[in-house]
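Me: Got a model open here and I'd like to talk through how its parts fit together. Can you take my questions one at a time?

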Amino acid sequence: MAQALNSALRDAMREDPTVHVLGEDVGALGGVFRITDGLTAEFGPDRCLDTPLAEAGILGTAIGMAMYGLRPVVEMQFDAFAYPALEQLFSHVAKMRNRTAGKLPLPITVRIPYGGGIGGVEHHSDASEAYYTSTPGLHVVTPATVADAYGLLRASIASDDPVVFLEPKRLYWGKAEFDPAAPVEPIGRAVLRRTGTSAVLITYGPSLPVCLEAAEAAKAEGWDLAVLDLRTLVPFDDETVCRVVRSVGRAVVVHEASGFGGTGAEIAARVTERCFHHLAAPVVRVTGFDIPYPPPMLEHHHLPGVDRILDAVARLQWED
Amino acid sequence: MTVLDHRHHTAVPGWLPGATAPRADPAPLLPDVSPVRVLGTPALEKHDPALLRELYRRLVVGRRYNQQATTLTKQGRLAVYPASTGQEACQVAAALALGEQDWLFPSYRDTLAVVSRGVDPLEALTLLRGNAHTGYDPRAARTAPLCTPLATQAPHAVGLAHAARLSGEPVVALAMLGDGGTSEGDFHEALNFAAVLQAPVVFLVQNNGYAISVPLTAQSAAPSLAHKAVGYGMPGRLVDGNDAPAVHSVLAEAVERARTGGGPTLVEALTYRIEAHTNADDATRYRTEGEVTAWREHDPILLMDRALRELGILDDALVQEAADEAEALAARMRAEFHADAELDPMALFAHVFAEPTPQLREQAAQLSAELAAEAEVQH
Ligand SMILES: Cc1ncc(C[n+]2csc(CCOP(=O)(O)OP(=O)(O)O)c2C)c(N)n1
């Protein structure tokens with residue numbers, strides 16, 4: 001996936017000279033995850049800029065660049081290190097189009113490696129999506145497959161609106177063939193990764209592989225689980241989600257971020273509002289606990305795994 | 001009349017004397033023209049031999065600690081270790097410049113300063129081992145948790161120092177950070193607050209040349225990082241960060257100044273990070289081996305060894321004693337890290353709030369049931 005993201009940046013920069021990358025260590029090092037590897041060598045330090053270490057400064061500067069007609073792609077080094085930039089993101093990036101009656105749209109992509117499962121110490125594993133999804137004015141995109149990593153990043157950079165592009169860091173090293181020319185579903189569309197009739201697991205980003213694994217394991221229980229990959233949290237694909245939920249009748253939302261006030265709460269509420277008469281059971285959430293992200297040696301107890309997902313499926317009361 | 005006064009009087013029409021007058025003459029705030037050095041200079045003889053020997057001993061033990069911790073990452077016993085190899089002089093001098101009642105606010109690279117302050121070496125490593133966020137009791141150790149988000153501990157140091165002064169206690173706070181951290185907003189806000197409040201706080205910037213891959217030239221265009229102090233209204237000091245007695249004396253002076261009501265100081269120590277940023281970093285992508293080799297010649301232990309022998313206060317007995325102590329510490333680290341850490345998953349819920357919420361109780365019960373089921377499967 002890291003390679004696909006790198007290709008997406010390279011291709012976007014080749015095609016559009018207004019695309020500029022900036023962030024900490026994105027130059028000679030190629031980023032701590034090597035997503036920007038080789039970009040400074042190919043496009044020079046003006047197009048792929050090592051900035052001083054200041055997230056608010058990076059994003060604030062990107063705002064000015066975008067005002068002047070560039071398409072900045074910002075790299076935040078880790079989820080929790082984007083927090084110093086939240087003021088710029090919430091007060092300016094998200095609101096500039098609205099504040100200026102459409103005169104100053106900001107085509108900025110903010111790439112943020114997020115989530116746990118890689119043994120990172122404190123402040124390196126936050127699942128921070130709920131902060132962004134609850135901020136009107138931001139698109140929030142999170143790929144789970146290699147093809148989507150490429151396609152969705154290209155689409156995000158091309159978007160005239162700001163996009164928070166959340167990269168599941170534990171999937172960086174996942175491998176798959178992909179064809180950059182192959183069409184990818186656009187931003188705002190969910191994709192059914194696995195069909196099934198017993199229940200649907202609604203998920204995104206780092207939890208997709210876990211859900212696919214759970215669906216495989218569920219066969220032993222006689223359950224046939226569908227798996228729906230949201231791909232984009234904002235805009236939310238109510239249409240696809242409702243179509244699938246209505247046809248299956250039972251739904252479990254799975255994500256690794258804390259549950260309380262989390263994205264899953266929003267999804268469960270929407271599904272309930274729109275599909276109440278089609279549901280044979282309440283929508284159930286499987287999420288991380290409501291605790292600060294734990295030390296790496298304990299993180300596996302926090303992250304939703306196959307067993308916890310199957311327990312939730314069992315709670316959906318199979319007898320009608 | 002200072003240069004600045006003069007400019008105001010002549011160039012700013014309508015200037016009201018008093019309202020915008022500079023609080024201090026900037027000239028005395030300007031940093032040292034060249035880094036303060038003690039080793040290899042006549043100043044060395046004025047230093048207490050006992051302190052010099054203590055610094056030497058701690059440097060040697062600290063170097064061994066850095067090496068052993070790095071080895072433990074290679075064996076998978078530590079999740080990550082940002083070594084302070086080459087920067088030991090800053091670490092041990094920082095700890096020794098503080099009194100017992102003072103507080104240390106370390107960054108993730110400052111484990112060695114924490115250990116030099118008396119925290120158990122293994123407790124200081126829990127964050128980097130991965131079993132707990134902070135292994136020591138910050139209040140007992142008067143040492144804040146190792147801080148990972150850059151520069152965010154600096155305002156904490158200011159607040160603590162301010163509060164201590166309000167309560168009339170002669171407590172000083174020392175905040176440690178790297179060169180890259182000086183670009184963060186929190187650093188600047190901390191400096192400004194400290195100067196406005198005249199808080200008894202000292203900022204120690206270990207300028208080791210790089211912030212991960214980014215060299216200082218791409219980080220700051222200031223003549224020196226110590227210059228940043230002047231605009232906020234506090235003195236900036238520049239010191240050779242590999243010269244342990246020099247770092248110690250500059251810090252001790254700043255601490256004393258803070259303690260006696262003189263306000264904050266920013267100290268920039270020029271040093272070098274010999275190892276990569278962490279074990280996960282590839283330093284060959286951004287720096288040359290030649291550069292590293294040159295800095296090895298300016299190694300803090302080497303400099304100390306040479307100068308103290310010349311002065312006749314370092315003998316083979318002390319060298320042996322320090323080496324033995326270092327080996328004993330390394331052996332203890334190996335032995336204790338060899339065993340898997342004992343972990344209680346239920347501790348996840350122990351300290352989220354003073355009183356767990358009903359939701360957390362529910363989740364704790366869920367995990368407890370899961371663990372019981374797992375244990376049953378294993379039997
Ligand atoms: C707010 C924030 N942004 C980014 C990071 C990621 N990061 C960790 S260490 C580091 C480099 C810091 O360099 P410097 O301040 O010079 O300290 P050094 O590591 O050299 O001791 C970076 C960018 C972070 N920890 N916090």
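Reply: Sure, starting with chain B: the centres of its domain 1 and domain 2, taken over C-alpha atoms, are separated by 39 Å.

Me: Where do the bounds of those two domains of chain B fall?

Reply: Domain 1 of chain B covers 27-343 and domain 2 covers 344-378; such bounds come from an automatic or database domain assignment. Before we go on, this is a predicted model, where local features need pLDDT of at least 70 and side-chain atom pairs count only at pLDDT 80 or more, while totals for chains, interfaces and linings use all residues. Residues are numbered from 1 along each chain as its sequence is written, chains are lettered from A and ligands numbered from 1 in the order in which they are written, and side-chain values use heavy atoms, with hydrogens and water left out.

Me: OK, on to the chain contact. How many residues does each of chains A and B put in?

Reply: Chain B gives 41 residues and chain A gives 35 residues, with contact meaning heavy atoms within 4.5 Å.

Me: And how much area do chain B and chain A bury?

Reply: About 3,100 Å² between them, with 64% of it on carbon and sulfur atoms. Buried area here is the accessible area (1.4 Å probe) that two parts lose on being put together, summed over both. On chain B, the trio His133(B), Arg285(B) and Leu348(B) supplies 21% of the area buried against chain A, more than any other three residues.

Me: How many salt bridges between chain B and chain A?

Reply: Two, where the rule wants a side-chain nitrogen of Lys or Arg within 4 Å of a carboxyl oxygen of Asp or Glu. Arg285(B) pairs with Asp37(A) in a salt bridge, the closest N and O atoms being 3.0 Å apart.

Me: Which element of chain B gives the most to the side that touches chain A?

Reply: α14(B), with seven residues. Helices here are DSSP runs (H or I, at least four residues), strands are too (E, at least two), and both are numbered from the N terminus.

Me: Switching to the ligand. What's closest to the ligand?

Reply: There are 20 residues around the ligand, and the closest are Glu55(A), Tyr108(B), Arg109(B), Gly180(B) and Gly181(B); a residue is near if one of its heavy atoms lies within 4 Å. Residues from chains A and B surround the ligand, so the site is shared between chains.

Me: Which polar side-chain atom lies 2.9 Å from an oxygen atom of the ligand?

Reply: One belonging to Asn208(B). A polar backbone atom of Gly180(B) is 2.8 Å from an oxygen atom of the ligand, and a polar backbone atom of Leu150(B) is 3.1 Å from a ligand nitrogen atom.

Me: Last topic, chain A. How far apart are the C-alpha centres of domain 1 and domain 2 of chain A?

Reply: They lie 27 Å apart, with domain 1 of chain A assigned as 1-171 and domain 2 as 191-315.

Me: What do domain 1 and domain 2 of chain A bury between them?

Reply: About 1,900 Å², 58% of it on carbon and sulfur atoms. Glu129(A), Thr142(A) and Arg170(A) supply 25% of what domain 1 of chain A buries there, more than any other three residues.

Me: How many salt bridges cross the interface of those two domains of chain A?

Reply: The rule finds three. Arg170(A) forms a salt bridge with Glu256(A), with 2.3 Å between the closest N and O atoms.

Technical notes:
A polar contact is a pair of N or O atoms within 3.5 Å; within protein, one must be able to donate a hydrogen and the other to accept it, and residues adjacent in sequence count only if both atoms are side-chain atoms.
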